[in-house]
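Thanks for coming. I will go through one structure today, starting with its charged pairs and ending with some backbone angles.

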Amino acid sequence: MPHSFGYRARTRHMFKRGFKDHGPVKMSTYLINYRVGDIVDIKANAAQQRGMPHKYYHGRTGIVYNVTPHAVGVIVHKVVGNRYIEKRVSLRVEHVRHSACRQEFLDRVQANHAKHVQAKEKGERCASLKRVHALPRESRTVSTAKNPAQTIVPVPYETTI
């Protein structure tokens with residue numbers, strides 16, 4: 001049989017629902033507020049075929065540029081040849097969710113603010129809040145005095161019939 005190159009070709013596992021996650025879409029999905037500038041992950045929900053993204057955009061992250069009553073417009077950067085093209089995709093809210101990619105940054109901002117407040121209460125100047133790269137491990141010497149070298153040899157094959 002010839003290959004199928006349709007719009008949803010080769011998406012059997014991509015669009016399937018999760019374990020114990022079948023059935024109609026939950027109402028809480030529709031109650032989430034999206035604002036322009038939010039970072040969202042695109043994950044197609046197979047229970048709702050309307051406003052479903054193309055398989056290329058499944059798993060991508062984009063920025064909301066437009067909000068309508070039932071859908072959001074998302075900007076996604078697509079690699080075409082040797083350049084990035086900004087694609088504007090309209091998706092229903094069932095197929096998007098807020099991304100957790102900024103959460104580490106927001107947590108760090110709160111932690112830095114707390115350090116500033118503590119330093120101000122003590123009347124000190126706040127130390128540098130810049131992140132430090134993980135340094136290489138310290139050097140050490142391995143002694144063979146009480147640790148003789150061992151030769152490892154494979155066990156010969158035996159049949160027990």
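We begin with R17, which forms a salt bridge with D21, and the closest N and O atoms of that pair are 3.7 Å apart. Keep in mind that this is a predicted model. R17 counts as buried, because its relative accessibility is 15% and the cut-off for buried is under 20%. D21, at 29% relative accessibility, counts as partly exposed.

How many salt bridges does the structure hold? There are five. In general, side chains of opposite charge can pair when their charged atoms come close. One of the five is between R88 and E86, with 3.3 Å between the closest N and O atoms. E86 has a relative accessible area of 43%, so this residue is partly exposed. Salt bridges with shared partners also join R17, D21 and K26 into one network.

Another bridge links R92 to E94, and here the closest N and O atoms are 3.5 Å apart. Are these two residues buried or exposed? Both R92 and E94 are buried.

That pair leads to Q48, since R92 and E94 are among the contacts of Q48. Q48 sits in the loop between β1 and β2, where β2 covers 61–67. Leaving out residues up to four places away in sequence, Q48 touches Y30, R92, E94 and H95. Q48 counts as buried because its relative accessibility is 15%.

R50 lies in the loop between β1 and β2 as well. What does R50 touch, again not counting residues up to four places away in sequence? The answer is R92 and H95. With a relative accessible area of 59%, R50 is exposed, and the cut-off there is over 50%. R50 and L91 are 41 residues apart in sequence, and their C-alpha atoms are 8.7 Å apart in space.

L91 takes us to the core. The largest nonpolar core has 12 residues, namely Y34, V40, I42, Y57, V64, V72, V74, V76, V89, L91, V93 and V96. At least two residues of this core come from each of β1 (39–42), β3 (71–80) and β4 (83–92). Which strand gives the most? It is β3, with three residues. As background, nonpolar side chains in soluble globular proteins tend to be buried together.

Within that list, Y57 deserves a separate look. Y57 is buried, with a relative accessible area of 8%. Apart from neighbours within four places in sequence, Y57 is in contact with I42, V76, K78, K87 and V89. Of these contacts, I42, V76 and V89 belong to the core, and the list also includes the lysines K78 and K87.

Y57 also takes part in an aromatic pair, and the structure holds one such pair. The partner is Y56: the arrangement is edge-to-face, 5.2 Å centre to centre, with 90° between the planes. Y56 is partly exposed, because its relative accessibility is 21% and buried means under 20%.

Now to the surface. F105, L106 and V109 make a nonpolar patch of about 230 Å². V109 is placed in helix α1, residues 103–122. At 40% relative accessibility, V109 counts as partly exposed.

H116 is in helix α1 too. Its relative accessible area is 42%, so H116 is partly exposed. H116 touches C126 and L129, not counting residues up to four places away in sequence. Where does H116 stand relative to G6? The two are 110 residues apart along the chain, and their C-alpha atoms are separated by 56 Å.

Last item, the backbone. Most residues other than glycine have a negative phi, and most peptide bonds are trans. R10 has a positive phi of about 60° although it is not a glycine. K20 is likewise not a glycine, and its phi is positive at about 55°. Where are these residues found? R10 is in the segment before β1, and K20 has its place in that segment too. R10 is exposed, with a relative accessible area of 56%. K20 is exposed, with a relative accessible area of 75%.

That is the end of the list.

Conventions
Residues numbered from 1 in each chain as written. Predicted model: local features only at pLDDT ≥ 70, side-chain atom pairs only at ≥ 80, totals over all residues. Heavy atoms only, no water. Core = buried A, V, L, I, M, F, W, Y, C linked by side-chain atoms within 4.5 Å. Buried < 20%, exposed > 50% of the residue type's maximum accessible area, 1.4 Å probe, protein only. Helix = DSSP H or I, 4+ residues; strand = E, 2+ residues; numbered from the N terminus. Contact = heavy atoms within 4.5 Å. Patch = residues over 30% accessible without salt bridge, like charges linked within 9 Å, V, L, I, M, F, W, Y side chains within 5 Å. Areas by Shrake-Rupley, 256 points an atom, 1.4 Å probe, with all protein chains shown as cover. Salt bridge = Lys/Arg side-chain N within 4 Å of Asp/Glu carboxyl O. Phe/Tyr/Trp six-rings, centres within 6.5 Å; stacked < 30°, edge-to-face > 60°.
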